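Visitor: I should like to take a close look at a single part of this protein. Could you please guide me through its enclosed empty space and the surroundings of that space?

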Amino acid sequence: MTATPRDAWDDTLARAFAVLLGKPVDEYDPNASYGVYYCCDDLSLELFKKGFDIGPVVRGELVRAPFPTIPILGELLEGWDEIAPHWTIDLGRSLFYGEDSGHGIDGLEGGLPGAELGRILVERGMKPADLKQAYMTVMLRAHTDGSLMDAMRVATGTLRGPDHLFPLEPAYGVDPRWDGPLSSIAHPGLSAHLRNLCRDEDTARADGAFYFGSDAGWTDDALPYPVVAGWRFGEAQAWSAVVRLPGSGGTPTASR
């Protein structure tokens, strides 16, 4: 993945991301591909209970807010997250996991890309609601250009620019490991925004997020890719992660 020219805002972001990553973005392999995944157990269950239209998944659509072809997804994202509702979601490369529960869908327990699961359901004449007893988990893939810079912008909710940053409310509860380093960021709005995403575990249950960095243990080995940066939201029911993808980023290299 080759580097693209940066403007002043991207330069500001690159310096801030270096704080979170522990080294400059440019020191990561520029030819590697990076992606962003988001998972919320509650959202996953509701999505299948509502019996969403499988068509956009089968077609591998890139769905943009307000998600007109799969409106229940937009509805659920709005209810569970502040950043993900503004993404473009790659349904075909999102990952779908579930218990077998007698459905006999090969690979479901290890995870299937959306396009593959959708094809199977269509061939068998099944609807998503038929899998609600399989306790499905969906790892939504956010659409990015494959660069680490873009993945970090998407994951941190800074993609839309400096006019769409979160205030630090409440002003307390930032993880002391990150409060000082992030306070040194020259752009006050960006400093507050990223500190809101680096709260201590107790505060993050109600506000912002808890930052795990590259520690992948919190995903319960669910992601088949190495984690570069990750966050947990609420009562641990949701997380997002920037990951390094194999090759072109099309197929998982390991199962859960």
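Guide: A search of the whole structure, which is a predicted model, finds 1 cavity of 30 Å³ or more. The underlying idea is general: rolling a probe the size of a water molecule over the atoms shows where empty space is left. Here, the largest cavity holds about 100 Å³ of space.

Consider next the residues that line the cavity. From the earlier part of the chain come Glu82, Ile83, His86 and Trp87. The lining also includes Arg153, Val154, Gly157, Thr158, Leu159, Arg160, His164 and Phe166. Sorted by class, this lining has 5 nonpolar, 4 polar and 3 charged residues.

One of these lining residues, Arg153, deserves further attention. Arg153 forms a salt bridge with Asp10, and the closest N and O atoms of the pair are 2.8 Å apart. The two partners belong to distant parts of the chain: Arg153 is in helix α6 and Asp10 is in helix α1, 143 residues apart. In the structure as a whole there are 13 salt bridges.

The salt bridge leads to the two helices themselves. Helix α1 covers residues 8–21 and helix α6 covers residues 148–156; their axes come within 11 Å and cross at roughly 80 degrees. An angle of 65 to 115 degrees counts as roughly perpendicular, and α1 and α6 are therefore roughly perpendicular to each other. On the side of α1, the contact is made by Asp10, Leu13, Ala14, Phe17, Leu20 and Leu21. On the side of α6, Leu148, Met149, Met152, Arg153 and Thr156 take part. By class, this contact has 8 nonpolar, 1 polar and 2 charged residues. Arg153 thus appears both in the contact between the helices and in the lining of the cavity.

Glu82, another residue of the cavity lining, leads to the largest pocket. Glu82 is among the residues that lie nearest the centre of this pocket, together with Ala206, Asp207, Gly208 and Phe233. The pocket has a volume of about 330 Å³ and is lined by 21 residues. Its lining comprises 12 nonpolar, 4 polar and 5 charged residues.

Finally, the chain after α6 has a notable peptide bond. Most peptide bonds are trans. The bond from Glu169 to Pro170, however, is cis, with omega near 0 degrees. Pro170 is placed in the loop between α6 and α7, the latter helix covering residues 176–183.

Definitions and conventions. Residues numbered from 1 in each chain as written. Predicted model: local features only at pLDDT ≥ 70, side-chain atom pairs only at ≥ 80, totals over all residues. Heavy atoms only, no water. 1 Å grid on protein atoms, 1.4 Å probe; cavity = no way out; pocket = protein on both sides within 12 Å on 5 of 7 lines; lining within 4 Å. Points joined across faces, edges and corners; volume = space filled by probe spheres on them. Nonpolar A, V, L, I, M, F, W, Y, C, P; charged D, E, K, R; others polar. Axes fitted to C-alpha atoms, helices over the stretch in contact; angles between N-to-C directions. Helix = DSSP H or I, 4+ residues; strand = E, 2+ residues; numbered from the N terminus. Parallel < 35°, antiparallel > 145°, perpendicular 65-115°, else oblique. Contact = heavy atoms within 4.5 Å. Salt bridge = Lys/Arg side-chain N within 4 Å of Asp/Glu carboxyl O.
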